[in-house]
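Hi,

Here is the structure I promised to pass on. Have a look at it first, and my notes follow underneath.

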Amino acid sequence: MAHSSDTDVAVYTPAARRYHWWVAALVFIQVPIGLYMVYRGKEMVGVNDLGEPVKGVWDGLTNTLYSSHKTLGLIILFLVILRLAYRLTQGAPRSDPSVPPALTGIGHLVHWLLYLLLIAVPIGGYVASSFGNYLDVFGVRLPTVTLENKEMSEQVYELHELGAKILIVLVLLHIGGALYHKLIRKDRVVERMLPKKNPVA
Ligand code: HEM
Ligand code: HEM
């Protein structure tokens, strides 16, 4: 039984909370890296050897950002798989009974969609990179999982981008939900996931 003595709110286990905040922190870093590296490599105006303006700057920093994005994306995938396995075997604390069932239902739907995208988006990024033969990460060649096909690569990158954008919208909804619980309903749902609170086992 994981619930605290003073407030009678069922909280997530320390392990579940650790997974949650590691994944959240890494996603907060991963998305801006992805957006900025694509801007830098494809949109930002630089100059070529002749001093003429060109779109896209492919220098050491752009390369490092791409390598970092791929590495961090794989770390996120790995953590989410562990977290999902933990979630499916250990379950979650019972829902706050003061919250109307419809709201709890929407919350759960958003959580499962988050899991779905946290798995599908990095796999999509990897598969697209495999099709494009772009799996050099900091000079290390990661294994390809497909034949080379640049057209497929472009298409799967489109899906990766779309998935990432849906993920961003879900994260905003999720954070909006947390704020709604904390500031408007003034219930204890956010406390369930805060890092500090120790459950009384
Ligand atoms: C949860 C994990 C991930 C998230 C949230 C994420 C998010 C993003 C975002 C927001 C972009 C920018 C999209 C755009 O503006 O076009 C992007 C692009 C990209 N991502 Fe990821 N990504 C993840 C994992 C991965 C992984 C694992 C790989 C490869 C191993 C990868 C490879 C790429 C590449 C190569 C691009 C650039 C595509 C292009 O040049 O159009 N991503 N990603
Ligand atoms: C400021 C940022 C965030 C806050 C305040 C927050 C807060 C919370 C809270 C309070 C819960 C438990 C809800 C409940 O008990 O019903 C939760 C669950 C969850 N959060 Fe977050 N979260 C944040 C960011 C994120 C991010 C960035 C992700 C992933 C991209 C994420 C993914 C999840 C998932 C998948 C669950 C479901 C946990 C489970 O039952 O397995 N969260 N979050």
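**What I found around the ligand**

His69 has a relative accessibility of 13%, so it counts as buried. Keep in mind that this is a predicted model.

That histidine is a good place to start. His69 and His160 are the protein donors of the iron atom of ligand 1, each through NE2, and they lie 2.0 Å from the iron. The iron site has 6 donor atoms with angles of 88 to 179 degrees among them, which makes it octahedral. For reference, the ideal angles for six octahedral donors are 90 or 180 degrees.

Where do the two histidines come from? His69 lies in helix α2 (residues 60–90) and His160 in helix α4 (residues 150–185), so the pair ties together parts that are 91 residues apart in sequence. His160 is at 19% relative accessibility and the cut-off for buried is under 20%, so His160 counts as buried too.

Now the rest of the surroundings. There are 23 residues around ligand 1, and Lys42, His69, Tyr157, His160 and Glu161 come nearest. On the polar side, a side-chain N or O atom of His69 is 2.8 Å from a nitrogen atom of the ligand, and His160 has such a contact at 2.8 Å as well. Glu161 places a polar side-chain atom 3.2 Å from an oxygen atom of ligand 1.

As for the helices, α1 (14–43), α2, α3 (101–132) and α4 each supply at least two residues of the shell. The biggest share comes from α1, with 7 residues. The space that ligand 1 takes up is the second largest pocket.

Cheers

Definitions and conventions. Residues numbered from 1 in each chain as written. Chains lettered and ligands numbered in written order. Predicted model: local features only at pLDDT ≥ 70, side-chain atom pairs only at ≥ 80, totals over all residues. Heavy atoms only, no water. Donors = N, O, S within 2.8 Å, 3.2 Å for Na, K, Ca; no water. Tetrahedral: all angles 85-135°; square planar, octahedral: opposite > 155°, others 65-115°. Helix = DSSP H or I, 4+ residues; strand = E, 2+ residues; numbered from the N terminus. Buried < 20%, exposed > 50% of the residue type's maximum accessible area, 1.4 Å probe, protein only. Near = heavy atom within 4 Å. Polar contact = N/O pair within 3.5 Å; in protein donor to acceptor, adjacent residues only side chain to side chain. 1 Å grid on protein atoms, 1.4 Å probe; cavity = no way out; pocket = protein on both sides within 12 Å on 5 of 7 lines; lining within 4 Å. Sits in = over half its atoms within 2 Å of the grid points.
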